[in-house]
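Student: Please take a close look at a single part of this model and then follow its connections into the rest of the fold. I would value one continuous account, with the residues named.

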Amino acid sequence: METTSRVGAQGAGTGDAAADAAGQNAEGAPGTRRTVDGYLLASFPWYGLDEAYTGPRWLMQVGAAADGTVEHGSTGHGEEPTLRSERADPHAAKQRFAVVVTVASRPGRRSADGTGVLEATSVSSAAWLAGSGLLSCTWPAQMERALRQDWLDQQTALAWELADHLDDSAWSTLSLPVDGVPTDFRYRESEYGWVLAGSAEGVHIGAYGRGMSAYGMGFAVIKDITAYRE
């Protein structure tokens, strides 16, 4: 699976992405700065929840290759998640949100600097970004700070392994509409929330959430990304 850096940053390998996903400004992590500019640079359509959802919508972040090409990004729906604090926050556990990740469908190709080869993007790419995104907002409040990094490293490795094996029993199939067309997604639930991933025309779609059921959701091309608040 290919991973890419945020717009304005240097290209990131899988190790850098794993560190990001461990709560260090992961894509879409709570508290990161959002702007619509990066979304407008993308050559592919962005996806979000369809018109059946009438709640708040907000921007997260985009990821780009070393040459600045936008490769993926996320849009949020519902209540913006916050990292769990040192003490248990009962409100955080009740937060209701769903995040949709759009990943450009790319073939295998050489890196922008010509020094390596980038893997083709796939449904696994979307599953990985969704899984790591969910981790970024599910810090375990009861765990000592000194142990959190070990926990995050372990959970990040598990998310990567799960995303690379979408046919395993940890995943089930969930059919949801994409632009009105029934589409099969790979889906799994955990104590932290749910993750799903599938494909649409020219992109791969991932999603994660908590407090909002994935059953009955639908996805659609976002006609006006500027309608999402920064």
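Tutor: Strands β2 (47-49) and β12 (219-221) each supply at least two residues of the lining of the second largest pocket. The model is a predicted one, and this pocket is a convenient place to start. Its space amounts to about 190 Å³. The lining consists of G48, L49, D50, E51, R57, A220, V221, I222, K223, D224 and Y228. By residue class, five of these are nonpolar, one is polar and five are charged.

One lining residue, A220, leads to another part of the chain. V181 stands 39 residues away from A220 in sequence, yet the two C-alpha atoms are 9.7 Å apart in space. V181 belongs to strand β9, which covers residues 181-190. The relative accessibility of V181 is 48%, which is why this residue counts as partly exposed.

From β9 the path continues through a series of paired strands. A hairpin with two linking residues connects β9 to β10, and these two strands pair in the antiparallel sense over five bridges. One point of this register is R186, whose bridge partner in β10 is A197. Strand β10 spans residues 193-200 and is mostly covered, with six of its eight residues buried.

Strand β10 also pairs with β11, in the antiparallel sense and over seven bridges. Two positions fix the register here: W194 has G209 as its bridge partner in β11, and S199 has H204. The hairpin of β10 and β11 has two residues between the strands, and in this hairpin G202 takes a positive phi near 80°.

Strand β11 deserves the closest attention. Eight of its eight residues, 203-210, are buried, so the strand is largely enclosed by the rest of the structure. For a residue to count as buried, its relative accessible area must be under 20%. Both faces of β11 are covered: one side carries V203, I205, A207 and G209, and the other carries H204, G206, Y208 and R210. The two bridge partners named above thus fall on opposite faces, with G209 in the one set and H204 in the other. Besides β10, strand β11 has a further partner in β5 (residues 97-104), with which it pairs in the antiparallel sense over eight bridges. In that pairing, V100 is matched with A207 of β11.

The chain as a whole provides the setting for these elements. It contains five helices and 12 strands. Of its 230 residues, 50% count as buried. Among contacts between residues at least 6 apart in sequence, 63% join residues at least 24 apart. The area exposed by the chain is about 10,800 Å², of which carbon and sulfur atoms supply 50%.

In summary, the account runs from a pocket lined in part by β2 and β12, by way of A220 and V181, to the hairpin that joins β9 to β10, and from there to β11, a strand covered on both faces.

Methods
Residues numbered from 1 in each chain as written. Predicted model: local features only at pLDDT ≥ 70, side-chain atom pairs only at ≥ 80, totals over all residues. Heavy atoms only, no water. Buried < 20%, exposed > 50% of the residue type's maximum accessible area, 1.4 Å probe, protein only. Helix = DSSP H or I, 4+ residues; strand = E, 2+ residues; numbered from the N terminus. Pairing = 2+ DSSP bridges. 1 Å grid on protein atoms, 1.4 Å probe; cavity = no way out; pocket = protein on both sides within 12 Å on 5 of 7 lines; lining within 4 Å. Points joined across faces, edges and corners; volume = space filled by probe spheres on them. Nonpolar A, V, L, I, M, F, W, Y, C, P; charged D, E, K, R; others polar. Contact = heavy atoms within 4.5 Å. Areas by Shrake-Rupley, 256 points an atom, 1.4 Å probe, with all protein chains shown as cover.
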